[in-house]
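Work through the exercises below with the sequence and the model open. Each task is followed by a solution in steps.

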Amino acid sequence: MSKVKYYYDSETLSYRKIERKKGRKLGFALLGITASFLAGFLLLLVYLNLPQIETPKEKAMKRELEHTKLQYNVLNKKMTQAQKVLAEVENRDNNIYRVYFETNPIPEEQRKAGFGGINRYKDLEGYDNSQLIIETSKKLDVLLKQIVVQSKSLDEIAKLAEEKEKLLTAIPAIQPVKNENLKRMASGYGMRMHPILKYRKMHNGMDFTAKKGTEVYATGDAVVKKASRSTGFGNLIILDHGFGYETYYAHLSKFKVKKGDKIKRGEIIGEVGSTGLSTGAHLHYEVHKNGKVVNPINFYHGDLTAEEYDIMLNQSSLENQSLD
């Protein structure tokens, strides 16, 4: 409560109460408000020009943020290195593996396709380091997609390799009888004089002379399609090698296999004879590809050197009389 002040009135010889004027009160109030505003403004200027004082919690958060930025930069470097390694794998995949296995390369746009549709990074927007986080996330997503594409490609290559291995073991690759001195090849593929019919006709295989009972070998992994008597060919074995390949072994004296048997290259399947339309003990051997007869001379790479192949090629090209 403010003090009440009095003054002495000489006319009335008494003390009177001092009354303040209303305008004066308002002036004092305005003066106080102005002074407070100026003081606050001065304090604000001082605060803005002084270095800010961080709390321990703010310092800890700042350190954590800097550490996170550092980790993102390290992660980006690692992803860049991973992309280089993956690019090398993709290059070998397209230009070596797929060329070898005769399959189409994966298009570049398929390997490096982005992500369409809605903004999948919207939740990462609005932060101080949003751009860094978004770019890193995009890079990681693309890298992961490339890895998935490459993984599926390698699975396909592995399957092709398995099929290729089966093909290499199944395709006819050796001579059907032992012929170390290359003297058993009696007649080759092509137009020949038939020994019984006495006119020139197509000879669809190769004749190997050998005494009766000589072992006959499967020239590749296969399943026995036929092992029975046949007109003209006499005792005949047909092997189905898969991949469109079949081989014929004719004029046999004995069977060592039966229909449905699974056999390996080099396994004994029968013995040389002279059954059917034949003028002497020999083996008539044919190779068929996709239902068409092909020259067997192209299928001895498994046991002939280049020089031996040339000798065999010359012998097979002689237009002599066949034995069947």
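**Exercise 1. Place P296 and V293, and find a residue far away in sequence for each.**

Solution. P296 lies in the loop between β14 and α5; helices (H or I, at least four residues) and strands (E, at least two) are DSSP runs, numbered from the N terminus. At 0% relative accessibility, P296 is buried, where buried means under 20% relative accessible area, exposed over 50%, and partly exposed in between (1.4 Å probe, protein chains only). P296 is 122 residues from I174 in sequence, and the C-alpha atoms of the two are 9.9 Å apart in space.

V293 lies in strand β14. With a relative accessible area of 26%, V293 is partly exposed. V293 and G205 are separated by 88 residues in sequence and by 8.1 Å in space, C-alpha to C-alpha.

A note on the source: this is a predicted model, in which local features need pLDDT of at least 70 and side-chain atom pairs count only at pLDDT 80 or more, while totals for chains, interfaces and linings use all residues. Residues are numbered from 1 along each chain as its sequence is written, and side-chain values use heavy atoms, with hydrogens and water left out.

**Exercise 2. Describe how α2 packs with α4.**

Solution. Step one is the geometry: helix α2 (residues 56-100) and helix α4 (residues 130-170) pack at an angle of about 25°, with their axes 9 Å apart. Axes are lines fitted to C-alpha atoms, for helices over the stretch in contact, and angles run from 0 to 180 degrees between N-to-C directions. Step two is the class: α2 is therefore roughly parallel to α4 (angles under 35 degrees count as roughly parallel, over 145 as roughly antiparallel, 65 to 115 as roughly perpendicular and the rest as oblique). Step three is composition: the residues of the contact of α2 with α4 divide into 14 nonpolar, eight polar and seven charged. Here Ala, Val, Leu, Ile, Met, Phe, Trp, Tyr, Cys and Pro count as nonpolar, Asp, Glu, Lys and Arg as charged, and the others, Gly among them, as polar.

**Exercise 3. Classify two aromatic pairs.**

Solution. The whole structure holds five aromatic pairs. Rings of Phe, Tyr and Trp (its six-membered ring) pair if their centres lie within 6.5 Å; planes under 30 degrees apart are stacked, over 60 edge-to-face and the rest tilted.

For Y245 and F299, the ring centres are 5.9 Å apart and the planes stand at 75°, so the pair is edge-to-face. Y245 lies in strand β10 (residues 245-255) and F299 in the loop between β14 (292-294) and α5 (306-316), so the pair ties together parts 54 residues apart in sequence. Y245 is buried at 12% relative accessible area, and F299 is buried at 9%.

For Y249 and Y285, the centres are 5.4 Å apart and the planes at 50°, so the pair is tilted. Y249 and Y285 are both buried. Ring pairs also link F208, Y249, Y285 and Y300 into a cluster.

**Exercise 4. Which phi values are positive at H251 and N290, and where do these residues lie?**

Solution. H251 has a positive phi of about 70° although it is not a glycine. H251 is in strand β10 and is buried, with a relative accessible area of 0%. N290, also not a glycine, has a positive phi near 50°. N290 is in the loop between β13 and β14 and is exposed, at 57% relative accessibility.
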